[in-house]
Amino acid sequence: METIPSGTLTFLFTDIEGSTQLWERQPGAMQAALARHDACVRQAVEARGGYIFKTVGDAFYVAFATAPEALAAALAAQRALQAEAWGLTPIRVRMALHTGDAETRAGDYFGPALNRVARLLSAGHGGQTLLSLATQELVRDNLPADVSLRDLGAQRLKDLHRPEHVFQLIAPDLPADFPPLRTLDYRPNNLPAQTTPFIGREKEVAAARQRLLQPNVRLLTFTGPGGTGKTRLGLQVAADLLDEFPQGVFFAPLATVSDPALLPSAIAQALGVREVPGQAVLDALKTHLQDKRLLLVLDNFEQVAPAAPCVAELLAAAPHLKLLITSRAVLHLYGEHDFAVPPLTRPDPRHLPSLERLTQYEAVRLFIERAQAVRAGFVVDNANAPAVAEICHRLDGLPLAFELAAAWVRLLTPAAIL
């Protein structure tokens, strides 16, 4: 088997902008164009030592041992694609590079660095190549003579974590001017920044996103007990859907609202709708929302459960409105779709996997990340792995429970916490 790069790597992600529409309009031409695209990208990355660890449709995921090699591959691929005579099927490929540590398993990579480069890619446009600050620092002193990096400033990517300082690759034979990046500021929204990265839940995010994009799904309710992570999952799904709602995505927290009658006011505050004396707030919301394509997230709805009829009224008055609700129980409204939020995946301590496999479980990844926040040198090793696995098992995969337990790593060993 091929030896794959490990440690601190530079990842290059690519995909074709608007490929779905191209396939629908010209399937025959697209098949030939995709073959040429694949050849251009593959030749560019393999000639510079890139390890293609995954392809999904028209997307390439590549790892490089060094950042200059990754940048050279992206530059060569963009130049080759730009030189192609595409005819009626123009292929425009967006690319992103980010450098960071990653864990390997079965020829694949896992870790926050992968999430970061994926978010960076989703912000770009066809023909555009974006770099994170970590990659820019490693290549800025070794750029080809005719190549430069344009500083696009700090950008809020769609992972709701810290902003990323983004740079764009500039070369004389490549397009240089593009629309604004598709970041959290691309569409109107009030999604709150999060102090910690989003761990795991990739399948749940994809499934919820797919369901909300279905025309017949206008009300999706995330259900589960307290501490399941419904709020964080809802925020991430909402961030992922920004591009789909021209009038924006808005978040209304209800955790501190105890009177169901105050639900319309809480929604109005989130949307920036001013209350008018003499007019019912619910009526003002109906007027504001009636022609808008907008996603509204109502968090902790169990606090105002008797106000569920207000939700039905809003949906009836605004045909393009969609609602994502987090609640400990369903609302029992017509047309509601229930999405039960599962616990994080966790190991069976009776059949302890290898260390490499253990750290891929979502519960363990979250425990490690939160533990390292209070004790930077914390690692899972052969000595503490059984205790960590047992902790994750006993806490039933509840994210809030892991956060509370991991905080004790500052003072106690995992065995003592257990």
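These legends describe several views of one predicted model.

Local features here need pLDDT of at least 70, side-chain atom pairs count only at pLDDT 80 or more, and totals for chains, interfaces and linings use all residues. Residues are numbered from 1 along each chain as its sequence is written, and side-chain values use heavy atoms, with hydrogens and water left out.

**View 1. The whole chain.** The chain holds 15 helices and 13 strands. Both are DSSP runs numbered from the N terminus: helices are H or I with at least four residues, strands are E with at least two. The C-alpha trace spans about 65 × 60 × 40 Å along its principal axes. The radius of gyration is 24 Å, which agrees with the value near 22 Å for a compact globule of 418 residues. That radius is taken over C-alpha atoms, and the globule rule is 2.2 Å times the number of residues to the power 0.38. Buried residues make up 51% of the chain. Buried means under 20% relative accessible area, exposed over 50%, and partly exposed in between, with a 1.4 Å probe and protein chains only.

**View 2. Strand 4 and strand 1.** Strand 4 covers residues 93-105. Strand 1 (residues 7-16) runs antiparallel to strand 4, and 10 bridges join them. Two strands pair if DSSP finds at least two bridges between them. Gly-7 stands opposite Ala-102 of strand 4.

**View 3. The hairpin of strand 4 and strand 5.** Strand 5 (residues 108-110) pairs with strand 4 in the antiparallel sense over three bridges. Glu-103 faces Phe-110 in strand 5. Two residues lie between the strands, and Ala-106 takes a positive phi near 55 degrees.

**View 4. Strand 6 and its two partners.** Thr-129 and Leu-131 point one way from strand 6 (residues 129-132), while Leu-130 and Ser-132 point the other way. All four are buried. Strand 4 runs parallel to strand 6, with three bridges. Here Met-95 has Thr-129 as its bridge partner, and Ala-96 stands opposite Leu-130. Strand 8 (residues 164-170) runs antiparallel to strand 6, again with three bridges. Leu-131 stands opposite Phe-167 of strand 8.

**View 5. Thr-359 in its loop.** Thr-359 sits between helix 11 (355-358) and helix 12 (362-374). Thr-359 counts as buried because its relative accessibility is 10%. Not counting residues up to four places away in sequence, Thr-359 touches Glu-103, Val-364, Arg-365 and Ile-368. A contact means heavy atoms within 4.5 Å. Glu-103 is also the residue opposite Phe-110 in View 3.
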